[in-house]
Amino acid sequence: MAELRVGASTHKGQLRPENEDNLLVTDRLFVVADGMGGHKAGEVASQIAVDRIGELLVGEQPPIAADVVEAIRVANGDIFRAAVANPGQHDMGTTVTAIAVIADAFAGRAEPNLDLNDNDVTPVVPAEPSEALVLANVGDSRTYLFRHGRLRRVTVDHSYVQELVATGHITEDEARDHPRRNIITRALGIEPEVRVDWWTLPLIRGDRFVLCSDGLVDEVADVDIASTLT
């Protein structure tokens with residue numbers, strides 16, 4: 001089993017009285033959720049997300065990628081129903097970004113090149129599935145990969161300004177100060193169903209991942225995040 005080292009921290013910042021972020025850290029599962037909604041509803045939504053995802057994924061057996069995606073979808077339904085049932089939490093929601101170590105029988109291996117007509121050739125199958133990472137996100141909380149001194153954003157924000165950047169209407173620098181930068185286009189709890197972006201990634205020695213809410217990236221430029229990691 002791969003051994004991972006992890007650190008975690010959260011802070012309410014200097015503008016708002018409450019911290020609506022929640023996080024989950026285990027030895028194999030890492031989640032950041034950034035809640036939204038008035039009267040502390042955002043804090044409720046992000047707590048529901050990390051609690052449900054952890055409940056469904058933390059166990060003796062490692063999950064597969066589909067399990068991680070399904071856990072996020074289940075959390076979405078929980079938040080949506082809680083918002084409907086409690087008028088004080090109407091329209092609450094949360095972003096989420098997560099990494100989990102998963103069992104992947106084909107991680108790092110191509111399909112064996114075998115002559116199926118040769119009865120003397122037996123494919124070698126590992127006794128245990130190999131390990132990989134699954135990365136998932138909904139909303140504008142981000143995951144970065146820091147490898148060989150270079151910082152790369154792995155996730156794509158589900159936000160209005162990201163759509164403007166993608167279509168060439170504004171630059172990344174302009175997006176940081178855009179008056180509509182807080183409008184997200186996808187989040188948990190807003191609709192009964194949600195589409196989850198996800199990828200599988202290999203486990204590579206020396207890689208560093210940064211999972212964070214927009215409370216970090218709205219205030220700290222990528223070049224400064226890279227400098228700190230260095």
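Before I place anything in a loop, let me say that helices here are DSSP runs of at least four residues, strands are DSSP runs of at least two, and both are numbered from the N terminus. With that in hand, please keep in mind throughout that what we are looking at is a predicted model.

Let me start with the whole chain, whose secondary structure comes to six helices and eight strands, and which, read along the sequence, follows the pattern β-β-α-α-β-β-β-β-α-α-β-β-α-α. Of its 230 residues, 40% count as buried, and the chain exposes about 14,000 Å², of which carbon and sulfur atoms supply 50%. If we take the contacts with a separation of 6 or more, 68% of them are between residues 24 or more positions apart.

Now to one helix in particular, H2, which covers residues 65-85 and, with its 21 residues, reaches 31 Å from its first C-alpha to its last, close to the 30 Å expected. Among its buried residues are Val68, Val69, Ile72, Ala75, Ile79 and Ala83. An α-helix has 3.6 residues a turn, so residues three or four places apart point the same way. What do the buried residues of H2 pack against? They pack against helix H1 (41-57) and against three strands, namely E3 (93-104), E4 (130-138) and E7 (197-201).

After H2 comes a residue worth pausing on, aspartate 91, which is found in the loop between H2 and E3. Most residues other than glycine have a negative phi. Aspartate 91, however, has a positive phi of about 70° although it is not a glycine. Is aspartate 91 buried or exposed? Its relative accessible area is 54%, and exposed means over 50%, so aspartate 91 counts as exposed.

Histidine 148 also has a positive phi, near 55°, in a residue other than glycine, and it is found in the loop between strand E5 (142-147) and strand E6 (150-153). Histidine 148 counts as exposed because its relative accessibility is 81%.

Finally, let me go back towards the start of the chain, where valine 25 lies in strand E1, residues 21-25. Valine 25 is partly exposed, with a relative accessible area of 37%, and together with Val6 and Leu23 it forms a nonpolar patch on the surface, with about 210 Å² of accessible area. Threonine 26 has its place in the loop between E1 and strand E2 (29-36). A polar atom of the threonine 26 side chain lies 3.1 Å from the backbone nitrogen of arginine 28, and the backbone nitrogen of leucine 29 lies 2.8 Å from a polar atom of that side chain.

Technical notes:
Residues numbered from 1 in each chain as written. Predicted model: local features only at pLDDT ≥ 70, side-chain atom pairs only at ≥ 80, totals over all residues. Heavy atoms only, no water. Expected span 1.5 Å × (residues − 1). Buried < 20%, exposed > 50% of the residue type's maximum accessible area, 1.4 Å probe, protein only. Contact = heavy atoms within 4.5 Å. Patch = residues over 30% accessible without salt bridge, like charges linked within 9 Å, V, L, I, M, F, W, Y side chains within 5 Å. Areas by Shrake-Rupley, 256 points an atom, 1.4 Å probe, with all protein chains shown as cover. Salt bridge = Lys/Arg side-chain N within 4 Å of Asp/Glu carboxyl O. Polar contact = N/O pair within 3.5 Å; in protein donor to acceptor, adjacent residues only side chain to side chain.
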